[in-house]
Amino acid sequence: MSIALRFLGGAREIGRSCIELEMRNGRMLLDSGINLGSGDRNPIEPSGKVDALLLTHAHLDHSGHSPEIVRSHDCPIFSLPPTKDLSELLLLDLLSLTPKDERTFSHEDVMYLRKKEKLVSYGIPFSFRNAEITFFDAGHVLGSAMIYIKLDGKRLLYTGDINLTNTRTVRGAQLDLPEVDYLIIESTYGGNSDVHPSRKKVERKFVMDIEKVIESGGKVLVPVFALGRAQEVLLTLIDHMDSGVLQKVPIFVDGMIREVNKIYTIHWFWLRPELRNKIRALRKSPFDHPYVDEVRDRREIADINEPYIVITTSGMMQGGPVLDYLKHIGTDRRNLIYLTGYQVKGTLGREILDGKRDITLPRTGEMVHIEADVKFADFSAHADQVNLLRFISSIKGLKEVFLVHGEEEKMIDLEKKIEEKGIAVYKPSLGELVKL
């Protein structure tokens, strides 16, 4: 029997990443995420018994469906140690924010994952059935990985989400990889117009824009993804306050960001060397700072008249504390809403970024008119088109590329550029089976 790939999610779309790898003696899933925007929430069901789930990282669009998969198939789940702790935290938070009648898994399902977890490390191969599997650093967030599989003489690499440039918290993706026959690669920023500015330029503009608002007496709302983006934003603000570039005003952290920060500190070994050394030298979390405070009562924050910054979830404004802050920060023209991450089509964040100002809040249906200024900072932890092509060019022995995790028009741009390199490329459709 030949090896086959079945694309259960993330095919010509962003969200619910899930790829079924069919082997001669079973099947594995590469990620099992949910859709955070509009449309179907869960991936297509696997074609048969799942023998293992391999997670690239903890973001819910890659891990959010894992409790149902493990409950239904009682299979082991392989990931890096930080991914284990972070995914559990994100899953429990998702559960708490989901109305009881809409929940598809329980607290017990999340706890059961602990019994099925198999921890792996970067660069150390392990065997499962007739496959040899190795996780390599993807440079996306803490514990993120690319999955390399040698199976029946074929070599596959699934990137998950990758970033080639160093950030404040993690190093860029590993490039010295073994030879690969078939590459499954994300294409979030694969469009011709997708060019990330340098992180230094992004941070400089971000801080200067915030400084102007603070000087004029305004407040700043920064919706973030609790995992990855929140830590980058926090360290940027702390660094610029300490250097005197940014005025020292309160930074209020809301949502589960503080809990994620704790996991980052616990798993300091997996951070980039510069941050590791800082933690070891100071013997404290890099996110602890006199001007950073955890929100205990949002009503008290709303009553403060002086300038301040709020960093809160969720990054796409689909739920969480950010909806409360929109009602008093978003409705004042002196203030600023600073989006810092990719806004999937169908989310409130995408609507606001595209210019909509009369909005309807998710869940409650409450109408809010946005008066605050809206800006976007490209703190992306995904490779842009140039770096995606650079990554593809670095791989030896490549026969074919499969594009996933992207909007179709961006995939088309990237497809043309890859074909110019003389490499076969394919954009699988949702539910499609491809034999290798």
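A salt bridge here is a side-chain nitrogen of Lys or Arg within 4 Å of a carboxyl oxygen of Asp or Glu. With that in mind, welcome to a predicted model in which the count comes to 37 salt bridges. Glu88 and Arg114 give a good opening example, since their side chains meet in a salt bridge at 2.6 Å, N to O.

**Salt bridge between helices**
- The Glu88–Arg114 pair links distant parts of the chain, with Glu88 in helix α3 (residues 81-97) and Arg114 in helix α4 (residues 107-116), 26 residues apart.
- Glu88 counts as buried because its relative accessibility is 15%, and the cut-off for buried is under 20%.

**Salt bridges around strand β2**
- Glu20 and Arg6 also pair up through their side chains, at 2.8 Å from N to O.
- Glu20 sits in strand β2 (residues 18-23) and Arg6 in strand β1 (residues 4-9), so this salt bridge ties together parts that are 14 residues apart in sequence.
- Glu20 is buried, with a relative accessible area of 0%, and Arg6 is buried too, at 16%.
- Glu22 forms a salt bridge with Arg27, where the closest N and O atoms are 3.8 Å apart; both of these residues are buried.

**A shared network**
- Asp254, Arg298, Asp324, Lys327 and Glu366 are joined into one network by salt bridges that share partners.

**Leu151 and its surroundings**
- Leu151 belongs to strand β9 (residues 145-151) and counts as buried, at 1% relative accessibility.
- Leaving aside neighbours within four places in sequence, Leu151 is in contact with Ile3, Leu21, Met23, Asn130 and Ala131.
- From Leu151 to His59 the C-alpha to C-alpha separation is 27 Å in space, and the two are 92 residues apart in sequence.

Methods. Residues numbered from 1 in each chain as written. Predicted model: local features only at pLDDT ≥ 70, side-chain atom pairs only at ≥ 80, totals over all residues. Heavy atoms only, no water. Helix = DSSP H or I, 4+ residues; strand = E, 2+ residues; numbered from the N terminus. Buried < 20%, exposed > 50% of the residue type's maximum accessible area, 1.4 Å probe, protein only. Contact = heavy atoms within 4.5 Å.
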